[in-house]
Amino acid sequence: MDIHIETERLLIRELQSSDDQGMFELDSDAEVMRYIGRKPVESIEESREVIAFVRQQYEANGIGRWAVIEKETGDFLGWVGFKLIQELTNNHINFYDFGYRFVRRSWGRGFATEASIASLHFGKKELKLPDIYAMTDVNNGASRHILEKLGFQLLETFRFERNPGWRTDDDLEATWYKLADGLYAS
Ligand SMILES: CC(C)(COP(=O)(O)OP(=O)(O)OC[C@H]1O[C@@H](n2cnc3c(N)ncnc32)[C@H](O)[C@@H]1OP(=O)(O)O)[C@@H](O)C(=O)NCCC(=O)NCCS
């Protein structure tokens, strides 16, 4: 499905191979990756692999994280949206995870909130997604604040076990949120 979602300031569309510089700016920034439990990427080749991996998810699952572009400038700002998680995570499997990640120079301007509201409406109303979950580091204050503002309810915290491919030093103490029933559906 070719996604095209517009908000006042943003365009949300599929990630494309031409987003490699933007994805490298995003994922090579240690401050952006601070609460992700994953070391920053070191080469643009790694970012190209991430984009290819997400595009593979579009094919296989019909969904994956989407690129967020600032309409006025055409700038790549980051990504937002849903990922079908197929690994056992906090006793759940085959569920939709909601998330976002934005380049540091764009923080504090309401972009994550604006992109999230539009994506959740699209996910619920158009894609008719069932339960939507979200996870974040317990110390990620900005992300937790946004999730709660969007209508996600904190159900519990859990130990997010290290994925060997992620190269983290420690397991994360993570929050486990679920979107409250009935929101964004109309
Ligand atoms: C988290 C992130 C997406 C926020 O993006 P953003 O565009 O700056 O977010 P917004 O401007 O829409 O909203 C930020 C909100 O958090 C609040 N906030 C910022 N820092 C905060 C903190 N330390 N504790 C609590 N709230 C905080 C802001 O006041 C704002 O709330 P408000 O709109 O009610 O005033 C961005 O910082 C980011 O990409 N971080 C790195 C990746 C990441 O952590 N992703 C989430 C992992 S699940």
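Helices and strands are here DSSP runs, helices (H or I) having at least four residues and strands (E) at least two, numbered from the N terminus. In the predicted model, four such elements each supply at least two residues of the shell around the ligand: strand 5 (95-102), helix 3 (111-126), strand 6 (132-137) and helix 4 (141-150). Helix 4 gives the most to this shell, with 6 residues.

The ligand is surrounded by 21 residues, of which Gly108, Gly110, Thr113, His145 and Lys149 are the closest. Classified by residue type, the shell comprises 10 nonpolar, 8 polar and 3 charged residues. Oxygen atoms of the ligand take part in several polar contacts. A backbone N or O atom of Phe102 is found 2.8 Å from a ligand oxygen atom. Side chains also participate: an N or O atom of the Asn140 side chain lies 2.8 Å from an oxygen atom of the ligand, and for the side chain of Trp107 the corresponding distance is 3.4 Å. The ligand taken alone exposes 970 Å², and 68% of that area is buried by the protein.

A further feature of the model is the packing of two helices. The axes of helix 1 (residues 20-27) and helix 2 (residues 44-61) come within 8 Å and cross at roughly 110°. Because angles of 65 to 115 degrees count as roughly perpendicular, helix 1 is roughly perpendicular to helix 2. Helix 1 contributes Asp20, Gln21, Met23 and Phe24 to the contact, while helix 2 contributes Ile44, Ser47, Arg48, Val50 and Ile51. By class, this contact of helix 1 with helix 2 contains 5 nonpolar, 2 polar and 2 charged residues.

Key: Residues numbered from 1 in each chain as written. Predicted model: local features only at pLDDT ≥ 70, side-chain atom pairs only at ≥ 80, totals over all residues. Heavy atoms only, no water. Axes fitted to C-alpha atoms, helices over the stretch in contact; angles between N-to-C directions. Parallel < 35°, antiparallel > 145°, perpendicular 65-115°, else oblique. Contact = heavy atoms within 4.5 Å. Nonpolar A, V, L, I, M, F, W, Y, C, P; charged D, E, K, R; others polar. Near = heavy atom within 4 Å. Polar contact = N/O pair within 3.5 Å; in protein donor to acceptor, adjacent residues only side chain to side chain. Areas by Shrake-Rupley, 256 points an atom, 1.4 Å probe, with all protein chains shown as cover.
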